[in-house]
Amino acid sequence: MITLSLIGIGTGNLDHVTLAAVRALNSADLILLPRKGEAKTDLIDLRRLLCERLLEEPVTTKIVEFDLPSRDSRNDYLGAVDDWHAAIASVWAQLMDEHLPNGGRVGMLVWGDPSLYDSSLRITQRLSAAGKQVNVEVVPGITSLQVLTAEHKIPLNALAEPVQITTGRRLRERGWPSDAATVAVMLDSGGAFTTLPFEDTYIWWGAYLGMDKQCLIKGWLSEVSDKIIQRRAELRDTHGWIMDIYLLAKKPEM
């Protein structure tokens, strides 16, 4: 039997890793670290650093790096994601069989938290559906949304008002959610907020949250939209990749 721990590690800041995550790391027989290509070496470097700093001596845990399958960029987005998840599940199963043939505890370091716009839990379900006996444990982590609001020193919601968490793709396709006073946007390929009416809309934007390269911009959308787009492009060119998130509010409490 394999016990798979999906360990939320926050956004790259060692201080944001919980004691529960440290315990889960140290109880693992095997830790799997995904490589996401040359452009995103920062992500595996941070995972390596976490293992180096948080695994207790003497280190008996086996650490195995693997190349994460690439997602097809075809127009059928959901179909491409489905195939991608299947490919990742196949790699996970192969590595577990190879390195823990008699069972044991596997740790996967999940960026942010496994519950929020992360596919680890869905991929794990594929292992079970394929007949692999896996006991799943989830260790929650600090999300980029929490770090965004902390760094901007703001509450997530307006007083007694709802918040909707969505993606850049959905914001482009459907516009402002009708019942939300505040909208948190993740997984934006860039500038989905430009499709909204700028009037009376405020934005709090952040990139590389929790890292030493963190960048924050806030202001009325009519005043900072172009600045964010320009800065985002500069950062992506400099680092080869970018992860950003933003919060939008209409006539916010100031």
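Here are legends for several close-up views of this predicted model.

**View 1. Strand β4 and its two partners.**
Start with strand β4, which covers residues 104–110. Six of its seven residues are buried, so β4 is largely enclosed by the rest of the structure. Strand β1, residues 2–8, runs parallel to β4, and seven bridges join the two. Look for Ser5, which stands opposite Gly107 of β4. Strand β2, residues 30–35, also runs parallel to β4, this time with three bridges between them. Here Ile31 is the residue standing opposite Gly107. So where should you rest your eye? Gly107 in β4 is a handy spot, with Ser5 across from it and Ile31 across from it as well.

**View 2. A nonpolar patch on the surface.**
Now for something on the outside. Tyr117, Ile165 and Leu187 make a nonpolar surface patch of about 270 Å². Ile165 belongs to strand β6, which spans residues 163–167. Is Ile165 buried or exposed? It falls in between: its relative accessible area is 33%, so Ile165 counts as partly exposed, since buried means under 20% and exposed means over 50%.

**View 3. Helix α5 and the strands it packs against.**
Helix α5 takes up residues 144–152. Its buried residues are Ser144, Leu145, Val147, Leu148, Thr149 and His152. What do these buried residues pack against? They meet a whole run of strands: β6, β7, β8, β9 and β10. Right after α5 comes Lys153, and its phi is positive, near 60°.

**View 4. Thr182 and its neighbours.**
Zoom in on Thr182, a residue of strand β7. With a relative accessible area of just 4%, Thr182 is buried. Leu156 is 26 residues away along the chain, yet the C-alpha atoms of Thr182 and Leu156 are separated by 7.9 Å. Leaving aside neighbours within four places in sequence, Thr182 is in contact with quite a list of residues, including Leu156, Ala158, Pro162 and Val163. Gln164 and Trp176 are on that list too, and so are Leu247, Leu248 and Ala249.

**View 5. Arg232 meets Asp244.**
Two residues share this view. Arg232 sits in helix α7, residues 221–239, while Asp244 has its place in strand β10. Are they buried or exposed? Arg232 counts as buried at 10% relative accessibility, and Asp244 is buried too, with a relative accessible area of 13%. Setting aside neighbours within four places in sequence, Arg232 is in contact with Asp188, Ser189, Gly190, Trp205, Ile242 and Asp244. Apply that rule to Asp244 and you get contacts with Asp188, Trp205, Gly206, Ala207 and Arg232. Compare the two lists: Asp188 and Trp205 turn up in both. For one more landmark, find Leu145, which is 99 residues from Asp244 in sequence but 9.9 Å from it in space, C-alpha to C-alpha.

**View 6. Aromatic rings, edge to face.**
How many aromatic pairs does the structure hold? It holds four. One of them is the edge-to-face pair of Phe193 and Tyr246, with 5.2 Å from centre to centre and 85° between the planes. This pair links distant parts of the chain, 53 residues apart: Phe193 is in the loop between β7 (182–186) and β8 (201–207), and Tyr246 is in strand β10 (residues 244–250). Both rings belong to buried residues, with relative accessible areas of 2% for Phe193 and 1% for Tyr246. Next, look at Tyr208 and Trp241: their ring centres are 5.1 Å apart and their planes lie at 90°, so this pair is edge-to-face as well. Tyr208 is in the loop between β8 and β9 (215–220), and Trp241 is in the loop between α7 and β10, so their pair ties together parts that are 33 residues apart in sequence. Tyr208 counts as buried at 1% relative accessibility, and Trp241 does too, at 2%.

**View 7. A cluster of three rings.**
To finish, find Tyr202, Trp204 and Trp220. Which feature joins them? Ring pairs link these three residues into a cluster.

Definitions and conventions
Residues are numbered from 1 along each chain as its sequence is written. This is a predicted model: local features need pLDDT of at least 70, side-chain atom pairs count only at pLDDT 80 or more; totals for chains, interfaces and linings use all residues. Side-chain values use heavy atoms; hydrogens and water are left out. Patches are made of residues with over 30% relative accessible area and no salt bridge: like charges are joined within 9 Å, nonpolar side chains (Val, Leu, Ile, Met, Phe, Trp, Tyr) within 5 Å. Accessible areas come from the Shrake-Rupley method with a 1.4 Å probe; for residues, only the protein chains shown count as cover. A salt bridge is a side-chain nitrogen of Lys or Arg within 4 Å of a carboxyl oxygen of Asp or Glu. Helices (H or I, at least four residues) and strands (E, at least two) are DSSP runs, numbered from the N terminus. Buried means under 20% relative accessible area, exposed over 50%, partly exposed in between (1.4 Å probe, protein chains only). Two strands pair if DSSP finds at least two bridges between them. Contact means heavy atoms within 4.5 Å. Rings of Phe, Tyr and Trp (its six-membered ring) pair if their centres lie within 6.5 Å; planes under 30 degrees apart count as stacked, over 60 as edge-to-face and the rest as tilted.
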